[in-house]
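Ready for a bit of practice? Open the structure below and work through the exercises one at a time.

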Amino acid sequence: MAETKRAAITAVGHYLPENRLTNHDLEQMVETDDEWIRTRTGIEERRILKDEDKATAFMGAEAAKELLDQRGVSADEIDVIIVATVTPDYLFPATACLVQSEIEAGNAYSFDVSAACSGFLYALTTGANFIESGRAQKVMVIGSDKMSSIVDYTDRSTCILFGDGAGAVLLEPSEDETGIIDYIHRSEGDTNLSLYQPAGGSLNPANEETVKNRLHYAKQDGRTVFKKATVGMADVSEEIMDKNDLSADDVAWLVPHQANLRIIDATANRMGLDKDKVMVNIDKYGNTTAATIPLCLYDWQNKLEHGDNLILAAFGGGYTWGSIYVKWALN
Ligand code: ACO
């Protein structure tokens, strides 16, 4: 077996649909207003994948192609492809297998990870373990969600929140001290079902009733999830700093899951970080579930410096939450 090395992020790709759904558009669809959405969530617009014949695998594959282009590697060099998503094209086969065939990564093996808004973080550490063990040299980690496929556009409490998109990173053995240094992952069964999609699984398979009762859409008790998310995301972010002896000055960037600007602010406050060290693009894309964190990395990649300390943090359905300490390897 090869020598153990850290896993470094060596390229970032993304895909965002062209079509924009603004707060003003939503005012025409449900009883809401731009001011309420902006002040309660920080969101101004989201992207929506309109093409009926395209979904999560398409967006993931587009992000993957950009990634390969950026790094100048061919698809057949990829060993593993992991897709984090809660909106797979099908319940099976895995969306990762569809991405694999679309990009023609014939030597890879592929699987999906389901951890809602923490999916990208779980997938990233899973991918890092393949590199650290020496069993893989190139692992593609993709977060892709077509949330518009499970959003009820008659429910104002959820339809204002979500958007579609995909982000992807490549993991390779690090050549120096940079890479994924540490992580904390947590989960807890949300037995009260405060954030879930009631039907379409094995407990409530699709039938006339489930469709009539709109049970194939995401449902959320926003207040309950908000409280859990605010505490959970701040706790793990503070914990990973303590565990690694990082002060606020040592942290270059917080890369938070983009669910609500107020949750992001609470996490940054607990970490003692100024706003200018926090990646925020929720205003442009809303909550794209598994794609938020790689989309932040994509948008900020030119501002990042080699050796920068990044804290990635997320909270999502499950419940699932976690944080990752990354020393940036690019630039
Ligand atoms: N426009 C106008 N008013 C609204 C809207 C809307 N779109 N939605 C709700 N309201 C009203 C409510 O009816 C309520 O009115 P009432 O007081 O008369 O009953 C009032 O606004 C306040 O409602 P709350 O639900 O308490 O509003 P809150 O401030 O909590 O914001 C939100 C709601 C934005 C959903 C927030 O709770 C939230 O962000 N929750 C967490 C989301 C999250 O982190 N999810 C996890 C990740 S997602 C994943 O894992 C897939």
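**Exercise 1: the sheet**

Gly179 sits opposite Lys327 of strand S13. This is a predicted model, where local features need pLDDT of at least 70, side-chain atom pairs count only at pLDDT 80 or more, and totals for chains, interfaces and linings use all residues. Residues are numbered from 1 along each chain as its sequence is written, and side-chain values use heavy atoms, with hydrogens and water left out.

Task: find which strands stand at the edges of the sheet.

Solution:
- Start with the order: S8-S13-S12-S11, an open sheet of 4 strands with mixed pairing. Strands (E, at least two residues) and helices (H or I, at least four) are DSSP runs, numbered from the N terminus; two strands pair if DSSP finds at least two bridges between them.
- Now the ends: S8 (179–187) and S11 (253–256) each have a single partner strand, so one side of each has no neighbour in the sheet.
- Check one pair: S8 and S13 (residues 320–327) run antiparallel, joined by 8 bridges.

**Exercise 2: a loop residue**

Task: is Asp152 buried or exposed, and what does its side chain join?

Solution:
- Locate Asp152 in the loop between strand S6 (139–146) and helix H6 (156–159).
- Asp152 has 4% relative accessibility, so it counts as buried (under 20% relative accessible area; exposed is over 50%, partly exposed in between, with a 1.4 Å probe and protein chains only).
- Leaving out residues up to four places away in sequence, Asp152 touches Thr158, Cys159, Arg214 and Tyr217 (contact means heavy atoms within 4.5 Å).
- The side chains of Asp152 and Thr154 share a polar contact of 2.7 Å. That term means a pair of N or O atoms within 3.5 Å; within protein, one must be able to donate a hydrogen and the other to accept it, and residues adjacent in sequence count only if both atoms are side-chain atoms.
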